[in-house]
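Subject: Structure handover

Hello,

Please find the structure below, with notes on what turned up in it. The notes cover a pocket, the domains, the cores and one residue.

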Amino acid sequence: MCPSTLSPIAIPDAALPESARRLRTEVRAFLDEERARGTALGRPDSWLAGWDPGFSRRLAERGWVGMALPTEYGGAGRGFLERYVVIEELLAAGAPVSAHWVSDRQAGPSVLQHGTEEQRRFFLPRIAAGQCFFSIGMSEKSSGSDLASVHTRAERTSDGWRLTGTKMWTGGAHVNDYAIVLARTDEAEDKHTGLSQFIVDLRAPGVRIEPIRLMSGEHRFNAFHLDGVDVPDGMLLGRRGDGWKQVTGELAFERSGPERYLSTFPLLVSLLSELEHRSVTAGQLTQVGLLTARLHSVRRLSLGVAAALNAGASPDTQAALVKDLGTRLEGTLVDTVRSILPTRADPHATPGSHAELLAFALLHSPGYTLRGGTNEILRGIITRGLEQR
């Protein structure tokens, strides 16, 4: 039994364009080069924890950051399905993609769709070059699942806006360049109206970053304080009051990609490597087979969302379904791997060993079903979406 036999990308790619199938070969060759140069690969949760700006820039040199952005803004002008293939290969390999992740996944498309021409000309070429990194400024202490209740306020000034409030769980705010912040600009009876989005320089006066450490001790997230931060008019993203509509459209990008089911895939690969040297029971094979079947099923759903995005649709309900099923699978995968091969999880074991990867995945597992929307909220979105059909 070989680890590659259970790769999610072993599913026939007949439904994908020929250009996407060629990309697989190119990305795999690139990853072989990266292994040879000593780049850390094979890590779980690499889209969150794999910070390597140099790797991001090397990807950008290949045209693999900002792939779906138009060429006139520095992008590759390719489709979401081609981007999907590249992302899937990178995540399956556990490559360090977190530096450019938010910029590529949602900040770039948001600026392209809602931004002014000046914003597009400034930000998009830098994103595509792997030179401009974004964070998400949505959640707050009492406004995670109930995002529309945000307390961060934007007050009008003579030449722009003054933002005051605190965002929580802001990934990468201590190392990134900008954040797209959701703030209340107007009072309204309906809390979903009167919200707007702003592009905030993370090094502007009044910005204060406070670390929130994971159980592992890692510094990935932050409390992002805006203490009267002045934002010029030109950094309002989209129209005043359209923030809620823009944010919910953005979540289709955030919730439906391969990261929602491949975060723990390197642990499965490690398990298979371990089992190659052992006697494998029928029960163990059955458990591995069930995991693989679920991976394949969620992948098909995720590919369907990518195809819908490629066609210009807004598959919010389908994206929520992918996130719900995928992140539950990630947690199940960790538990099942422990059941198949009982191993003492040890964060101090040799980096890349099965014991170390298991410890890493376990310490990250509480976040799988929280980030990007809790499963309970997602099921509400799915139910409402089905009722509206």
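A pocket here is an open set of grid points with protein on both sides within 12 Å along at least five of seven lines, and its lining residues have an atom within 4 Å of a point. Please keep in mind that this is a predicted model.

Pocket

On that definition, the second largest pocket holds about 470 Å³ of space. Its lining is made up of 23 residues, and those nearest the centre are F80, Q113, F253, L309 and A313. Helix 5 (98-114), helix 7 (243-255) and helix 10 are the elements that give two or more residues to this lining. Helix 7 contributes the most, with six residues. Sorted by class, the lining of the second largest pocket has ten nonpolar, nine polar and four charged residues. Domain 1 (18-132) and domain 3 (255-388) each provide at least three residues of this lining.

Domains

The domain assignment divides the protein chain into domain 1 (18-132), domain 2 (136-241) and domain 3 (255-388). The centres of domain 2 and domain 3, taken over C-alpha atoms, are 30 Å apart. Between these two domains, five residues of domain 2 are in contact with six residues of domain 3.

Cores

The largest nonpolar core has 55 residues, and L31, L90 and V97 are the ones that touch the most other members. At least two residues of this core come from each of several helices, including helix 1 (18-37), helix 4 (80-92), helix 10 (282-310) and helix 11. Because domain 1 (18-132) and domain 3 (255-388) both give residues to the core, it lies between them. Leaving out residues up to four places away in sequence, L31 touches L41, F55, E89, L90, A93 and A95. There is also a second, separate core of 40 residues, with Y73, V111, C132 and I180 among them.

A charged residue in helix 11

D324 sits in helix 11 (residues 316-340). Is D324 buried or exposed? Its relative accessibility is 4%, so D324 counts as buried, the cut-off for that being under 20%. Apart from neighbours within four places in sequence, D324 is in contact with N375, L378, R379 and I382.

Regards

Conventions:
Residues are numbered from 1 along each chain as its sequence is written. This is a predicted model: local features need pLDDT of at least 70, side-chain atom pairs count only at pLDDT 80 or more; totals for chains, interfaces and linings use all residues. Side-chain values use heavy atoms; hydrogens and water are left out. Helices (H or I, at least four residues) and strands (E, at least two) are DSSP runs, numbered from the N terminus. Buried means under 20% relative accessible area, exposed over 50%, partly exposed in between (1.4 Å probe, protein chains only). Contact means heavy atoms within 4.5 Å. A nonpolar core is a set of buried Ala, Val, Leu, Ile, Met, Phe, Trp, Tyr and Cys residues joined through side-chain atoms within 4.5 Å. Domain bounds come from an automatic or database domain assignment. On a 1 Å grid over the protein atoms alone, a cavity is a set of points where a 1.4 Å probe fits but cannot get out, and a pocket is an open set with protein on both sides within 12 Å along at least five of seven lines; lining residues have an atom within 4 Å of a point. Grid points are joined across faces, edges and corners, and a volume is the space filled by probe spheres set on the points. Ala, Val, Leu, Ile, Met, Phe, Trp, Tyr, Cys and Pro count as nonpolar, Asp, Glu, Lys and Arg as charged, and the others, Gly among them, as polar.
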